[in-house]
Amino acid sequence: MLWNFEAEYSTDGGATFTAISNLQNVTITAGRQAQIDNFAASRLSLTFRYPNGFASPAADLLPGAHIYVTAETSTSGFPFDAYYGYITDVSVEYGIPYANNIGNADYLIITAEGALAKLARNSGNSYAMAAGFVYDATVPADGQIGKAAVQSGVDVSTPFVSYYATRQASAATVSGSWADWLNQLAFTFGGRISDGREVALLTFQPIADYSTNSAFYLSDTGTGIPYDQITVDSLAQNYFSQVTVDPDGFAAQTVSTGAAPYRNYTVNTWSPSTAVATDLANYYLNNYDDPTLAVSAFHINLNNSATGNAREFFVSASSAATFGAFPIGIQIKVLFRGSTYICIIEGGTLSATPNEVGLTLYVSGADLNAYLTLNNATFGKLDENRLGF
């Protein structure tokens with residue numbers, strides 16, 4: 001098999017790790033499928049076989065223990081971080097042999113989730129979040145996400161320091177979970193959320209751009225990183241002719257195009273003013289007012305020896321977002337039957353067994369991620385692409 005996965009756990013906060021042998025199955029899910037979906041915590045399921053029998057789970061494999069999964073290719077031999085999270089459950093399935101010469105068929109199953117789940121289980125307890133900058137460059141703990149980290153006890157940060165240090169959000173009473181508050185904050189700025197060891201608030205811009213890279217692109221021609229299945233749909237889940245932005249502290253702002261009956265999209269935000277809410281509504285409407293066909297998902301057969309470069313997406317996510325993160329926010333180029341598409345990864349699934357390894361990626365098209373980057377072939381053409389707000 002081209003890819004080899006290994007799992008380790010830690011009971012001392014990630015200082016030291018202990019390997020778990022006989023890994024048979026890995027399933028990782030992360031992110032979202034459509035842009036209007038909330039971000040849920042990344043999830044992991046591991047299955048281990050114990051051919052000599054397994055009396056009881058290791059005493060250290062308890063909820064809250066750190067779990068770390070790496071993968072390496074037989075071609076490069078350089079491991080990448082496939083997942084980092086926290087154990088939620090441990091179970092054992094005991095199999096009784098049906099013949100004397102057949103060993104016990106015992107399986108250990110571990111489930112885990114990323115740091116965003118800690119926020120989801122952590123109530124805001126009606127915390128009064130003061131209006132202010134999302135990130136404070138001088139005293140990080142004074143910014144809104146810094147206060148969220150202090151109150152929740154969960155590491156919450158952003159790799160887009162300069163952006164969020166200039167963006168303000170309204171005051172809020174955090175009556176739900178901190179994950180609810182963070183998702184609403186992400187929608188306030190058209191951003192994304194990535195989680196692994198920590199939680200990272202991203203923007204609408206990519207965390208890494210491979211759209212012009214000559215080696216790291218997806219294709220159906222046998223070049224780059226080959227994929228074996230692609231889904232193109234009409235973006236019904238991302239098509240609206242009317243958008244209502246409903247900020248928590250101000251009146252709802254609605255913008256429309258065309259005539260009634262409208263296809264309405266309503267989003268709750270922490271926008272700091274009605275003017276900012278209106279700008280955001282126009283931004284979403286400009287992104288979502290075209291129901292054209294676009295690439296929405298594709299599958300990569302990682303057993304194919306030509307797919308080794310796919311590890312680069314996970315390496316970038318760990319370095320640019322948070323350690324052990326899924327490659328959410330990575331911008332890629334996709335070649336399909338003579339056409340070129342620029343997409344941003346929204347989420348996906350990684351599944352591995354001894355016989356097969358597959359990666360499914362859910363993506364959004366360039367037309368759903370309008371912003372300006374000067375001297376960029378896709379996003380740097382004035383009058384041909386809408387500016388981000």
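This is a guided tour of a predicted model, stop by stop.

Local features here need pLDDT of at least 70, side-chain atom pairs count only at pLDDT 80 or more, and totals for chains, interfaces and linings use all residues. Residues are numbered from 1 along each chain as its sequence is written, and side-chain values use heavy atoms, with hydrogens and water left out.

**The whole chain**

Start with everything shown. The protein chain has six helices and 25 strands. Both are DSSP runs numbered from the N terminus: helices are H or I with at least four residues, strands are E with at least two. Of the 389 residues in the protein chain, 51% are buried. Buried means under 20% relative accessible area, exposed means over 50%, and partly exposed lies in between (1.4 Å probe, protein chains only). Now think about contacts, meaning heavy atoms within 4.5 Å. Among those between residues at least 6 apart in sequence, 67% join residues at least 24 apart.

**Strand β5 and its partners**

Select residues 66-73, strand β5. Seven of its eight residues are buried, so β5 is largely enclosed by the rest of the structure. Add β1, residues 3-10. Eight bridges join β1 to β5, and the two run antiparallel. Strands count as paired if DSSP finds at least two bridges between them. Look for Glu8, which stands opposite Tyr68 in β5. Then add β6, residues 80-93. β6 pairs with β5 in the antiparallel sense, over six bridges. Here Val69 faces Tyr83 of β6.

**Ala131, in a loop**

Move to Ala131. It sits in the loop between β8 (127-129) and β9 (132-133). Is Ala131 buried or exposed? Ala131 counts as exposed, because its relative accessibility is 55%. Next, select Ala169. It is 38 residues from Ala131 along the chain, yet their C-alpha atoms are separated by 5.8 Å. Not counting residues up to four places away in sequence, Ala131 touches Gln144, Ala169, Ser170 and Ala171.

**Gln144, in helix α2**

Follow one of those contacts to Gln144. This residue belongs to helix α2, residues 144-152. Gln144 is buried, with a relative accessible area of 2%. Show its side chain. A polar atom there lies 3.2 Å from the backbone oxygen of Ser170. Which residues does Gln144 contact, leaving aside neighbours within four places in sequence? Among them are Met129, Phe133, Val134, Trp181 and Leu185.

Colour the rest of α2. Its buried residues are Gln144, Ile145, Gly146, Ala148, Ala149 and Ser152. Just after the helix, Gly153 takes a positive phi of about 75°.

**Helix α2 against helix α4**

Add helix α4, residues 178-188. α2 and α4 pack at an angle of about 170°, with their axes 11 Å apart. Axes are lines fitted to C-alpha atoms, for helices over the stretch in contact, and angles run from 0 to 180 degrees between N-to-C directions. The two helices are therefore roughly antiparallel, a term for angles over 145 degrees. From α2, the contact uses Gln144, Ile145, Ala148, Gln151 and Ser152; from α4, it uses Trp178, Trp181 and Leu185. By class, that makes five nonpolar, three polar and no charged residues. Ala, Val, Leu, Ile, Met, Phe, Trp, Tyr, Cys and Pro count as nonpolar, Asp, Glu, Lys and Arg as charged, and the others, Gly among them, as polar.

**The sheet under α4**

Keep α4 in view. It lies across β10, β13 and β14, running at about 25° to β14. These strands form an open sheet in the order β10-β14-β13, with mixed pairing. β10 (156-157) and β13 (193-195) stand at the edges with a single partner strand each, so one side of each has no neighbour in the sheet. β10 and β14 (residues 199-201) pair in the parallel sense over two bridges. Find Ser157, which stands opposite Ala200 in β14.

**The sheet with α5**

Last stop: another open sheet, three strands in the order β20-β19-β21, with mixed pairing. Which strands stand at the edges? They are β20 (253-256) and β21 (264-269). Neighbouring strands of this sheet are turned by 15° against each other on average, direction ignored. β19 (residues 242-247) is joined to β20 by four bridges, and they run antiparallel. Thr244 has Thr254 as its bridge partner in β20. Finish with helix α5, residues 274-288, which lies across β19, β20 and β21 and runs at about 30° to β20.

Note on methods:
A polar contact is a pair of N or O atoms within 3.5 Å; within protein, one must be able to donate a hydrogen and the other to accept it, and residues adjacent in sequence count only if both atoms are side-chain atoms. Angles under 35 degrees count as roughly parallel, over 145 as roughly antiparallel, 65 to 115 as roughly perpendicular and the rest as oblique.
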